[in-house]
Amino acid sequence: MQVAFGRGTSKTSGRIYTVSEINEAARATIETAFPRVRVEGEISGYKHYPSNHRYFSLKDDRAQLRCALFAGRARYLSIKLADGVRVICTGTLSIYTRDGQFQLIVESVELGGLGVLWQRLEELKKKLQEEGLFDPARKRPLPRLPQRVGVVTSPEGQAIHDILKILRKRAPQIAVRIYPVRVQGEGAAAEIAEGIRWMGASGGCDVLIAGRGGGSIEDLWAFNEEVVARAIAACPVPVISAVGHEKDVLLSDLVADARAPTPSGAAEMLARSKEEFEERIAHLRQQLLNRLGQAIATRRERLFRLKERPGFRRLAGEINQLLQRVESLRNRMERSLHERLQRNLNRFATLRLSLQRGSPAAILERRVEKVRSLSTLLPMLWNSSLDARRRRAESLRNLLQARLPLRSIAQHRVRVANCAGRIGIQTQTTLDRRRSRIASAESLLNALGPFKVLERGYSICFKEGGNIVIKDASSVKKYENITVRLHRGRIDAVVKSRETEAP
């Protein structure tokens with residue numbers, strides 16, 4: 001395919017390509033031309049998403065390259081990625097066709113600089129493992145009660161002082177022979193190997209300690225050299241690798257008959273104490289984990305080689321495209337769901353406030369308060385009316401006493417007594433009638449109230465949300481969510497069927 005850019009038209013082809021076709025063609029060309037590359041650079045713009053996908057750029061002083069590390073590969077990471085870390089990424093070049101983004105699909109990541117040495121070390125480990133130097137069957141047991149111990153280390157370092165201190169304290173009967181060597185720098189590996197060979201050939205030792213104190217991995221690298229590993233493997237007496245660096249397993253640790261975390265630990269292994277057997281069990285467990293890790297690494301490398309075949313590369317490319325699209329859609333979905341949830345929360349708050357104001361409980365409370373007010377007012381009105389009548393009777397009595405003779409007074413007194421009796425009866429009748437009306441009204445109010453109806457076994461059905469009462473079966477749909485209010489509590493239900501009746 002040829003594409004011309006500029007004011008003129010292409011003379012090689014009259015076809016007009018779509019953007020998708022151009023991006024797909026470019027992706028196929030790049031993935032075919034660069035099936036597997038290793039790129040070194042500094043991490044920039046590092047992003048770690050909840051899906052465990054990682055996106056970042058590799059940059060140098062003149063350019064940068066977009067990179068994508070998907071979750072399936074990220075779980076094998078043994079280093080922590082962050083902005084500013086210099087790494088070497090292994091993977092395939094590709095183009096994300098949707099955005100036309102040129103990128104590196106990362107399969108593995110290792111540290112730059114020192115990471116190259118680690119790569120060479122892994123190749124050397126694989127070579128020595130294939131030769132059987134790591135085989136547990138060739139490792140010899142340490143003597144239970146050694147009489148002579150050889151030490152290959154620096155005479156000026158702290159390691160030899162720690163070894164001698166432990167042996168003098170815990171096993172003073174053991175004789176120590178020292179072969180002084182350099183333990184770091186150029187030529188240190190050759191001196192260490194020569195010291196191991198001389199000690200083994202002299203025949204004056206039951207067991208040999210080769211090691212040094214702690215330091216950076218660069219300072220300890222002499223014990224990762226092949227010449228030291230082969231000297232340890234060829235030594236006729238058991239060898240303990242005692243390098244004070246527990247974070248990484250050195251090559252001397254894998255080849256030696258035993259590994260001690262520090263020179264002091266090596267001395268303690270030979271000067272047996274009560275804790276010796278427990279430490280030995282822990283050491284064997286670590287060896288088992290190391291061998292298991294080596295086996296997993298070997299099978300992982302075999303899997304990577306299988307995936308380099310053309311069919312797997314094409315499938316991996318398509319999967320990478322889908323993973324990036326899924327990530328993009330997931331981010332869009334999260335934003336959409338968040339906005340919709342916020343709108344529903346606002347609507348729910350408004351509906352809840354409206355329901356509280358117009359609920360049957362609020363209406364009933366207002367009516368009960370009105371009845372209580374009337375019940376309080378009635379005795380006051382009755383007392384007021386009774387007091388007025390009493391005052392009028394008292395006034396008439398006084399008038400009669402002043403203006404009529406005794407007989408007339410007696411007659412009027414009888415009439416007054418009769419009137420007072422009738423008034424009392426009439427008043428009591430009126431009061432009873434009004435009390436009966438109030439009791440009837442209160443009974444009717446309680447009977448017609450929604451909560452009294454619910455107490456008799458009835459219920460009220462609402463639309464989903466609880467703000468619309470369902471009065472007609474045709475107003476709901478099949479499988480629609482509804483809310484049922486009972487005398488005590490409520491039930492959320494789903495409509496399974498409905499039957500409508502003609503009005």
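Strand β6 (residues 148-153) and strand β7 pair in the parallel sense, with 6 bridges between them. Here strands (E, at least two residues) and helices (H or I, at least four) are DSSP runs, numbered from the N terminus, and two strands pair if DSSP finds at least two bridges between them. Within this pairing, V152 sits opposite Y179 of β7. The model is a predicted one, so local features need pLDDT of at least 70 and side-chain atom pairs count only at pLDDT 80 or more, while totals for chains, interfaces and linings use all residues. Residues are numbered from 1 along each chain as its sequence is written, and side-chain values use heavy atoms, with hydrogens and water left out.

Now for the sheet around that pair. Strands of a sheet pair through backbone hydrogen bonds, either parallel or antiparallel. This one is an open sheet of 5 strands in the order β7-β6-β8-β9-β10, and its pairing is parallel. β7 (175-180) and β10 (258-260) stand at the edges with a single partner strand each, so one side of each has no neighbour in the sheet. From one strand to the next, the twist averages 20°. Axes are lines fitted to C-alpha atoms, for helices over the stretch in contact, and angles run from 0 to 180 degrees between N-to-C directions. Helix α5 packs on this sheet, where it touches β6, β7 and β8 (207-212), and its direction makes about 145° with that of β7. Contact, here and below, means heavy atoms within 4.5 Å.

Helix α5 has a helix partner too. Two packed helices are described by the angle between their axes and the distance between the axes. The axes of α5 (residues 188-202) and α6 (residues 226-234) come within 8 Å and cross at roughly 5°. α5 and α6 are therefore roughly parallel to each other; the cut-offs are under 35 degrees for roughly parallel, over 145 for roughly antiparallel and 65 to 115 for roughly perpendicular, with the rest called oblique. On the α5 side the contact is made by A189, A190, I192, A193, I196 and R197, and on the α6 side by V227, V228, A231 and I232. Sorted by type, these residues come to 9 nonpolar, no polar and 1 charged. Nonpolar covers Ala, Val, Leu, Ile, Met, Phe, Trp, Tyr, Cys and Pro, charged covers Asp, Glu, Lys and Arg, and the others, Gly among them, are polar.

Back in the open sheet, strand β9 (residues 239-243) contains V243, and S241 lies in β9 as well. V243 counts as buried at 1% relative accessibility, and S241 is buried with a relative accessible area of 1%. The cut-offs are under 20% relative accessible area for buried, over 50% for exposed and partly exposed in between (1.4 Å probe, protein chains only). Not counting residues up to four places away in sequence, V243 touches several residues, including L220, F223 and L250. With neighbours within four places likewise left aside, the contacts of S241 include A210, D253 and A260. V243 and A159 are 84 residues apart in sequence, yet 9.0 Å apart in space, C-alpha to C-alpha.

What about the loop between α7 (251-255) and β10? D257 is found there, and at 5% relative accessibility D257 counts as buried. A polar atom of the D257 side chain lies 2.8 Å from the backbone nitrogen of R140. The side chain of D257 also reaches the backbone nitrogen of V239, again at 2.8 Å.

The other sheet is a barrel: 5 strands close up in the order β1-β2-β3-β5-β4, with mixed pairing. Its twist averages 55° from one strand to the next. Helix α1 (residues 19-33) packs on the barrel sheet, touching β4 and β5, and its direction makes about 140° with that of β4. Strand β4 (residues 86-96) is mostly covered, with 10 of its 11 residues buried. Strand β1 (residues 37-48) runs antiparallel to β4 and is joined to it by 6 bridges; in that pairing, E40 has I88 of β4 as its bridge partner. β4 also pairs with β5 (residues 101-111) in the antiparallel sense, over 10 bridges, and L93 stands opposite L104 in β5. The hairpin of β4 and β5 has 4 residues between the strands, and in this hairpin G100 takes a positive phi near 65°.

Note on methods: Polar contact = N/O pair within 3.5 Å; in protein donor to acceptor, adjacent residues only side chain to side chain.
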